[in-house]
Amino acid sequence: MDIRALLMGLAFALMWSSAFTSARIIVQDAPPIAALSLRFFVSGVVGVLIAKALGQNWHLTRAQWITVFVFGLCQNALYLGLNFYAMQTIEASLASIIASAMPLMVAGAGWLFLKERLPLQGVIGLVMGIVGVFLIMGARFSGNADLLGMGLCIIGALALSVATLAMRGVSSSGNLLMIVGLQMFVGAFVLAIVSAFTETLTYSPSTKLTVAFLYTTLVPGVLATFVWFSLVERIGAVRASTFHFLNPFFGVAIAALLLGEAIGAMDIVGVVIITVGILLVQLSKQKPTKN
């Protein structure tokens with residue numbers, strides 16, 4: 001792996017992990033579903049404009065339109081929508097840890113339900129990841145963490161895992177950034193309907209809220225996406241996925257640094273175990289398995 005790819009991977013992991021802290025700031029002063037819907041709309045406009053500037057179009061195949069709707073629903077409306085709502089009552093560090101277990105969920109579901117072969121190293125990684133999550137959640141249970149918020153984050157991670165498995169093998173045919181932009185509009189539309197029936201559109205304007213919203217929209221929402229797909233194009237999806245093992249560490253560290261969230265000894269132990277588990281799973285995918 002070259003130095004440029006390494007820096008791109010580190011930048012992606014840092015930007016992705018920071019989204020939980022900025023989301024936590026937003027939901028303290030604005031209705032979470034409405035704020036996320038607006039974020040997706042703005043990100044979608046930016047993404048589609050950039051895609052058009054690069055010569056891409058929205059003349060998609062049937063499979064690609066299915067990708068747009070499934071990912072827009074599962075990734076944006078369910079995964080991120082549930083996380084935004086949950087972070088009204090749980091800390092950003094806990095939400096990032098649960099979300100970071102998504103690669104483990106994908107690998108586990110593929111192994112159990114799709115009969116995808118997983119080497120012993122990958123199985124060990126799955127077990128370690130599960131143990132790490134339970135250690136952290138057990139410690140947070142004793143610390144009176146909100147059970148509903150934790151449950152919503154878990155459902156969100158499962159929804160994203162289902163979408164990831166369902167969309168494997170779908171080709172973008174050169175319209176990848178256009179697909180990314182369009183699926184943001186799907187999330188914006190679904191969440192706007194939910195917000196209209198469930199939320200009162202009041203917010204407390206502040207510089208902190210404005211900066212957090214702009215950051216969430218442009219950096220994790222747009223820039224991180226472009227960095228990710230550039231990285232995949234450069235080194236491939238499997239090798240790029242290994243950078244996910246940094247997300248638990250970055251997520252907890254950023255929340256502690258910017259929000260002052262407390263980190264217990266069991267949190268640190270759990271993050272280390274999850275990180276090693278994700279790394280083992282991702283590295284195992286690079287090894288051919290024997291029949």
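Biologist: Hi! How much of the chain is buried?
Modeller: In this predicted model, buried residues account for 51% of the 291 residues in the chain.

Biologist: And what about the surface, how much area does the chain expose?
Modeller: About 13800 Å² is exposed, and carbon and sulfur atoms supply 71% of that area.

Biologist: How many helices and strands does the chain have?
Modeller: You'll find twelve helices and zero strands. Going along the sequence, the pattern reads α-α-α-α-α-α-α-α-α-α-α-α.

Biologist: What share of the contacts join residues at least 24 apart?
Modeller: That would be 90%, counting contacts between residues at least 6 apart in sequence.

Biologist: Let's switch to pockets. What volume does the second largest pocket have?
Modeller: Its volume is about 500 Å³. The lining has 22 residues, and the ones closest to the pocket centre are Ala101, Leu104, Met105, Ile130 and Leu158.

Biologist: Which elements give two or more residues to that lining?
Modeller: Three helices do: H5 (102-112), H6 (120-142) and H7 (147-166). H6 gives the largest share, with eight residues.

Biologist: How many of the pocket's lining residues are nonpolar, polar or charged?
Modeller: The lining of the second largest pocket has 19 nonpolar residues and three polar ones, with no charged residues.

Biologist: You mentioned H5. How many of its residues are buried?
Modeller: Eight of the eleven residues in H5 are buried, so by that cut-off of under 20% relative accessible area the helix is mostly covered. The buried ones are Met102, Pro103, Leu104, Val106, Ala107, Gly108, Ala109 and Gly110.

Biologist: Now for closed spaces. How many cavities of 30 Å³ or more are there?
Modeller: The count comes to one. The largest cavity holds about 30 Å³ of space.

Biologist: How does one find empty space like that, anyway?
Modeller: A probe the size of a water molecule is rolled over the atoms, and that shows where empty space is left.

Biologist: Which residues line the largest cavity?
Modeller: The lining is made of Trp16, Ala99, Ser100, Met102, Pro103, His244 and Asn247. Helix H4 (92-100) and H5 each supply at least two of the lining residues. Two of the H5 names, Met102 and Pro103, are also on the list of buried residues in that helix.

Biologist: And which classes do those cavity residues fall into?
Modeller: Four are nonpolar and three are polar, and the cavity lining has no charged residues.

Biologist: New topic: serine 195. Where is it placed?
Modeller: Serine 195 is in helix H8, which covers residues 176-198.

Biologist: Why does serine 195 count as buried?
Modeller: Because its relative accessibility is 4%, and buried means under 20%.

Biologist: What does the side chain of serine 195 join up with in a polar contact?
Modeller: The partner is the side chain of glutamate 199, at 2.7 Å. Leaving aside residues up to four places away in sequence, serine 195 also touches Ile33, Ala34 and Leu201.

Biologist: One last residue, threonine 210. Which helix is it in, and is it buried or partly exposed?
Modeller: Threonine 210 is found in helix H9, residues 207-235. Its relative accessible area is 45%, so threonine 210 is partly exposed, a class that lies between the 20% and 50% cut-offs.

Biologist: How far apart are threonine 210 and isoleucine 25 in sequence and in space?
Modeller: They are 185 residues apart in sequence, and their C-alpha atoms are 9.9 Å apart in space.

How values were computed
Residues numbered from 1 in each chain as written. Predicted model: local features only at pLDDT ≥ 70, side-chain atom pairs only at ≥ 80, totals over all residues. Heavy atoms only, no water. Helix = DSSP H or I, 4+ residues; strand = E, 2+ residues; numbered from the N terminus. Buried < 20%, exposed > 50% of the residue type's maximum accessible area, 1.4 Å probe, protein only. Contact = heavy atoms within 4.5 Å. Areas by Shrake-Rupley, 256 points an atom, 1.4 Å probe, with all protein chains shown as cover. 1 Å grid on protein atoms, 1.4 Å probe; cavity = no way out; pocket = protein on both sides within 12 Å on 5 of 7 lines; lining within 4 Å. Points joined across faces, edges and corners; volume = space filled by probe spheres on them. Nonpolar A, V, L, I, M, F, W, Y, C, P; charged D, E, K, R; others polar. Polar contact = N/O pair within 3.5 Å; in protein donor to acceptor, adjacent residues only side chain to side chain.
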